[in-house]
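Please look through the sequence and the coordinates before reading on, and keep both at hand while the text moves from one part of the chain to the next.

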Amino acid sequence: TACGVAASEADDLLEVVVERVRRGATGAGWQRAALVSLEDAGATRRRALAEMTEAYLERSSTGAPVHEWDLPGTAE
């Protein structure tokens, strides 16, 4: 608490960082994988970009860390 952060809060945040590193998960990596997933499903690049952006905004607004996000079209 010397820096004004409770140890439990720091531990929770560090767990997110550790898991992201373990999985190699970043927002940019998720975006690239989402584009591949959408294009593999038949979307044009333009449509895939639009759908990826919508999905990114949806998932980021939940507060869940990126390593927990599913790819568009893979889980509903």
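What follows is a walk through a predicted model, taken from the helices to the core and then to the charged pairs.

A convenient place to begin is helix H1, which covers residues 7–23. With 17 residues at 1.5 Å a residue, helix H1 should span 24 Å, and because its end C-alpha atoms are indeed 24 Å apart, the model agrees with that expectation. Just after H1, Gly24 takes a positive phi of about 65°. On the surface, Leu14, Val17 and Val21 form a nonpolar patch, and together these residues have about 290 Å² of accessible area. Val17 has its place in helix H1, and with a relative accessibility of 46% Val17 is classed as partly exposed, because this value falls short of the 50% that exposed residues must be over.

Helix H1 also holds a charged pair. Glu19 forms a salt bridge with Arg22, in which the closest N and O atoms are 2.5 Å apart. The two residues are three apart in helix H1, so about one helical turn separates Glu19 from Arg22. Their surroundings can be compared through their accessibilities: Glu19 counts as buried at 17%, whereas Arg22, with a relative accessible area of 60%, is exposed.

From here the description turns to the interior. In soluble globular proteins, nonpolar side chains tend to be buried together. The largest nonpolar core of this model has ten residues in all, namely Ala25, Trp30, Ala34, Leu35, Leu38, Ala48, Met52, Ala55, Val66 and Trp69. Helix H2 (27–40) and helix H3 each supply at least two residues of this core, and H2 gives the most to it, with four residues. For one of the core members, Val66, the contacts beyond four places in sequence are with Arg20, Ala25, Thr26, Gly27 and Trp30.

Beside Val66 in the sequence comes His67, which is found in the segment after H3. His67 has a relative accessible area of 11%, and because this is under 20%, His67 is buried. Which residues does His67 touch, not counting those up to four places away in sequence? They are Val16, Glu19, Arg20, Arg23 and Ala25; Glu19 is also the salt-bridge partner of Arg22. By contrast with these contacts, His67 and Ala48 are 21 Å apart in space, C-alpha to C-alpha, with a separation of 19 residues in sequence.

Helix H3 comprises residues 45–60, and Arg45 is found in it. With a relative accessible area of 49%, Arg45 is partly exposed. Once its neighbours within four places in sequence are left aside, Arg45 is in contact with Leu35 and Glu39, and Leu35 is itself one of the core residues. Val16, on the other hand, is 31 Å from Arg45 in space, C-alpha to C-alpha, while the two are 29 residues apart in sequence.

The charged pairs complete the picture. Side chains of opposite charge can pair when their charged atoms come close. In this model the count comes to six salt bridges, and Arg59 takes part in a salt bridge with Glu58, at 3.9 Å from N to O, as well as in one with Asp70, at 3.1 Å from N to O. Arg59 lies in helix H3 and Asp70 in the segment after H3, so this pair ties together parts that are eleven residues apart in sequence. Arg59 counts as buried at 12% relative accessibility, Glu58 is exposed with a relative accessible area of 53%, and Asp70 counts as partly exposed at 27%. Salt bridges that share partners also join Glu19, Arg22 and Arg23 into one network, and of these residues Glu19 and Arg23 are among the contacts of His67.

Note on methods
Residues are numbered from 1 along each chain as its sequence is written. This is a predicted model: local features need pLDDT of at least 70, side-chain atom pairs count only at pLDDT 80 or more; totals for chains, interfaces and linings use all residues. Side-chain values use heavy atoms; hydrogens and water are left out. Buried means under 20% relative accessible area, exposed over 50%, partly exposed in between (1.4 Å probe, protein chains only). Contact means heavy atoms within 4.5 Å. A nonpolar core is a set of buried Ala, Val, Leu, Ile, Met, Phe, Trp, Tyr and Cys residues joined through side-chain atoms within 4.5 Å. The expected span of a helix is 1.5 Å times one less than its number of residues. Patches are made of residues with over 30% relative accessible area and no salt bridge: like charges are joined within 9 Å, nonpolar side chains (Val, Leu, Ile, Met, Phe, Trp, Tyr) within 5 Å. Accessible areas come from the Shrake-Rupley method with a 1.4 Å probe; for residues, only the protein chains shown count as cover. A salt bridge is a side-chain nitrogen of Lys or Arg within 4 Å of a carboxyl oxygen of Asp or Glu.
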